[in-house]
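Good morning, everyone. Please take a moment to look at the model on the screen, and then we will walk through it together.

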Amino acid sequence: MIVKIKRQENSDSKAYWQSFKYNGNMDTTVAAVLDFLNYNDDLFDTEGNPARRIRWECSCMQKTCGACAMIINGMPALACNTFLRNISSKELVLEPLRKFPVVSDLIVDRSIIYENLKKAELYIGEYAGADKKEYEQQYQTAKCLKCGLCLEVCPNYNKGETFFGAMFANDSYISYTQSESRKKEIASEYKKHFASGCSKSLACVDICPVQIPTLASIGRMNKKIF
Ligand code: FES
């Protein structure tokens, strides 16, 4: 299999494409392919030129941390959860996520996700106590990996603008339903950074690697605050 990777030394340098031959096990993941290429003694591209190691991020390797999010054959996905057997093309094309600044190769800077949460001051203040009616939805929603895939596919999310995307809606829902003292503030931030900008394309629901029921979070929030 040919592995074509969009590479970039650092945030200021120019991007370029480089291809590698992969002749390892085909019953494996994209993450394992990257490991296989990097752990060879020396790395050469398909032209036989020496190449530097491929930079990419991972931690858990089991769909739990979200670090390995990238674009795989045109689709945003987690490398550790994408299997070669599900890729019909003979070529594997890897690119960094497009809505975040590139740090190097397949690594992007997703700190804006946390900056936006800080900006909206999404903390609960005084705890409201447990509400059994919200348990299941809170539990499902709390699985968010902050991988950024939902922002990558969202037609309304653009870095630096006021719309913060699906993960913000889910975090708002959790904070709102657990807060006693800050419900008003959280509702106001939700309206400003989510409700006023969502066009319900729901691409975020389809792409989520942990199947967060975002639509239910939005429905519950809207019912409570409008
Ligand atoms: S390495 Fe953690 S989600 Fe892929």
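Which residues have the most contacts inside the largest nonpolar core? Keep that in mind while I say one thing: this is a predicted model. Now the reply. They are Cys68, Met70, Ala79, Cys150 and Ala169. The core that holds them has 51 residues.

Which helix gives the most to this core? Helix H5, residues 166-178, with seven residues. And where does the core lie? Domain 1 covers 2-108, domain 2 covers 111-225, and both give residues to the core, so it lies between them.

Let's stay with the two domains. The bounds come from the domain assignment, which gives 2-108 as domain 1 and 111-225 as domain 2. Their C-alpha centres are 30 Å apart. How many residues are in contact across the two domains? On the domain 1 side, 11 residues; on the domain 2 side, 12. Look at the domain 1 side of that contact. Six of its residues are nonpolar, two are polar and three are charged.

Now the whole protein. It has eight helices and seven strands. The C-alpha atoms fill a box of roughly 65 × 35 × 30 Å along the principal axes. There are 226 residues, and 34% of them are buried. Next, take the contacts between residues at least 6 apart in sequence. Of these, 66% join residues at least 24 apart.

Back to Ala79, one of the well-connected core residues. What does Ala79 touch, leaving out residues up to four places away in sequence? The list is Thr29, Val30, Ala31, Leu34, Cys68, Met70 and Ile72. Two of those names, Cys68 and Met70, also came up in the core.

Next, helix H5. It has 13 residues. From first C-alpha to last it reaches 19 Å, close to the 18 Å expected at 1.5 Å a residue. Is H5 mostly covered or uncovered? Mostly covered: 13 of its 13 residues are buried.

Now the strands. Start with E1, residues 2-7, which pairs with E5, residues 91-95. That pairing is parallel, over four bridges. Val3 stands opposite Leu92 in E5, and Ile5 stands opposite Leu94. E1 also joins E2, residues 16-21. Do E1 and E2 run parallel or antiparallel? Antiparallel, with six bridges. There, Lys6 stands opposite Trp17 in E2.

E5 has another partner, strand E3, residues 69-72. Those two pair in the antiparallel sense over two bridges. In E5, Leu94 is the bridge partner of Ile72. So please keep an eye on Leu94: Ile5 stands opposite it as well.

Which residues make up the covered face of E1? Val3, Ile5 and Arg7. The uncovered face has Ile2, Lys4 and Lys6.

A few single residues now. Asp35 sits in helix H1, residues 30-38. Why does Asp35 count as partly exposed? Because it has 17 C-beta neighbours inside 10 Å, and partly exposed is the band between 12 or fewer, which is exposed, and 20 or more, which is buried. Asp35 and Ile54 are 19 residues apart along the chain, and their C-alpha atoms are separated by 8.9 Å.

Asp41 is in the loop between H1 and E3. Is Asp41 buried or exposed? Exposed, because it has 4 C-beta neighbours inside 10 Å. From Asp41 to Leu122 is 81 residues along the chain, and the C-alpha atoms are separated by 47 Å.

Finally, two residues with a positive phi that are not glycine. For Leu202, phi is near 60°. Leu202 lies in the loop between helix H6, 183-195, and helix H7, 203-207. It counts as partly exposed because it has 15 C-beta neighbours inside 10 Å. For Gln211, phi is near 50°. Gln211 is in the loop between H7 and helix H8, 214-225. With 10 C-beta neighbours inside 10 Å, Gln211 counts as exposed.

To close, go back to the core once more. It has 51 residues, and it lies between domain 1 and domain 2, because both give residues to it. Thank you.

Key:
Residues numbered from 1 in each chain as written. Predicted model: local features only at pLDDT ≥ 70, side-chain atom pairs only at ≥ 80, totals over all residues. Domains from an automatic or database assignment. Contact = placed C-beta atoms within 7 Å. Nonpolar A, V, L, I, M, F, W, Y, C, P; charged D, E, K, R; others polar. Core = buried A, V, L, I, M, F, W, Y, C linked by C-beta atoms within 7 Å. Pairing = 2+ DSSP bridges. Expected span 1.5 Å × (residues − 1).
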